[in-house]
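Colleague: I am new to this one. Could you walk me through it?

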Amino acid sequence: MRRLVLLCGCLSASCGFWSTGVRHVSGEPYPKKLSGWRLFTGQLAKLQPNERVVPYDINTPLFSDYADKRRFVWVPAGTTIQYRESEAFEFPEGAVLAKTFSYPGKIVETRILVNTRNGWVGLPYVWNAEQTDATLEIAPDPVNIDYKNPAGEQLHFRYSIPNTDQCKGCHELGKRVTPIGPKARHLNKSYPYATGSDNQLAHWMKAGILTGAPAPEAAPRNAVWNNPATGSLEQRARAYLDANCSHCHNPKGPADNSGLYLMASQTDPLRLGFCKVPVAAGHGAGDLRFDLVHGSPDESILVRRLNSVEPKVMMPELGRATIHREGVELIREWVASVRGGCS
């Protein structure tokens, strides 16, 4: 009789066998297939969000070999995300962030970041050739990509999907894995929801998944790197460095010992790299002396490293196999515009 009671209990919707809602996961074992999370309904490749799964975007994204990215967030019923002004928001246990990377006609991967009882865990799911599902692969193989970038340049490269340890390499903050994108300055923008365009912070508040956020006009907002209407040249360049570099280059990040801090809030020119001698750039510095030189992008180590795919030179070290020509040009233009000099 006891076995029958246990069996009946586990066949209930609360155990997930008959549930159609998002699967609440607080630890191992993790779903072997992306479909097992039930984040999306219908044909999986259409990424149609399930109930209470909210799509989102950020003002200036991290460059990832020109891949298109679609982002979604979900939190368990009865829980909320806590607003933070400058750091990543505080998410409840069980919260899921999903980001799908694709090129025209080909979805490559979906990265899941789940807040388990022991902290955040990154899980890479690789899509099959039929584009019907994705499989959890702890150490994925690179994927061949053929792509024409916005400048019309035909690119052929090996797209690297990060393994679970590499996820920690970018998401580590103060020895803890943490989200990068869900910060007020990144999220403070409009999004075209199915119900109409709305500011994301306001929408999350109205949806009941976020608490403590001020009105959008009182919250920080990064510029859009390639849209001059959203900010000055400096603001757009700083937003680009914030999105692409500051998750490592901050006082609590993996590159804290470099002394080069590239957060949007940084105001010290030396910490930003101007006339700063690198701590341990090694081969990455070439024959250049300073991280940034006023008015001279060709003499700036930071520009050299952004403009390279050579191992031990390129920055960021992970997440790209190509040069973001447009992004490099933005940083070059900004550095060229800065007045001053290094002795």
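The questions below take up confidence, a helix pair and salt bridges.

Colleague: What is the mean pLDDT of the protein?
Modeller: This is a predicted model. Of its residues, 91% reach a pLDDT of 70 or more. The mean over the protein is 90.

Colleague: Over which residues is the pLDDT below 50?
Modeller: Where pLDDT is low, the predicted coordinates should not be read in detail. One such stretch has eight contacts in the model beyond near neighbours in sequence. The pLDDT is below 50 there, over residues 1–17.

Colleague: Is α5 oblique or parallel to α8?
Modeller: Helix α5 covers residues 233–245, and helix α8 covers residues 325–337. Their axes lie 9 Å apart, at an angle of about 130°. An angle from 115 to 145 degrees counts as oblique. That angle therefore makes α5 to α8 oblique.

Colleague: How many charged residues are in the contact of α5 with α8?
Modeller: From α5 come L233, E234, R236, A237, R238, Y240 and L241. From α8 come G327, L330, I331, E333, W334 and S337. By class, seven are nonpolar and two polar, and the charged ones number four.

Colleague: Which residue pairs with D57 in a salt bridge?
Modeller: The model has eight salt bridges. D57 sits in the loop between β3 and β4. Its partner is 132 residues apart, in the loop between α3 and β14. The N to O distance is 3.3 Å, within the 4 Å cut-off, and the partner is K189.

Technical notes
Residues are numbered from 1 along each chain as its sequence is written. This is a predicted model: local features need pLDDT of at least 70, side-chain atom pairs count only at pLDDT 80 or more; totals for chains, interfaces and linings use all residues. Side-chain values use heavy atoms; hydrogens and water are left out. Axes are lines fitted to C-alpha atoms, for helices over the stretch in contact, and angles run from 0 to 180 degrees between N-to-C directions. Helices (H or I, at least four residues) and strands (E, at least two) are DSSP runs, numbered from the N terminus. Angles under 35 degrees count as roughly parallel, over 145 as roughly antiparallel, 65 to 115 as roughly perpendicular and the rest as oblique. Contact means heavy atoms within 4.5 Å. Ala, Val, Leu, Ile, Met, Phe, Trp, Tyr, Cys and Pro count as nonpolar, Asp, Glu, Lys and Arg as charged, and the others, Gly among them, as polar. pLDDT is the predictor's confidence in each residue, from 0 to 100. A salt bridge is a side-chain nitrogen of Lys or Arg within 4 Å of a carboxyl oxygen of Asp or Glu.
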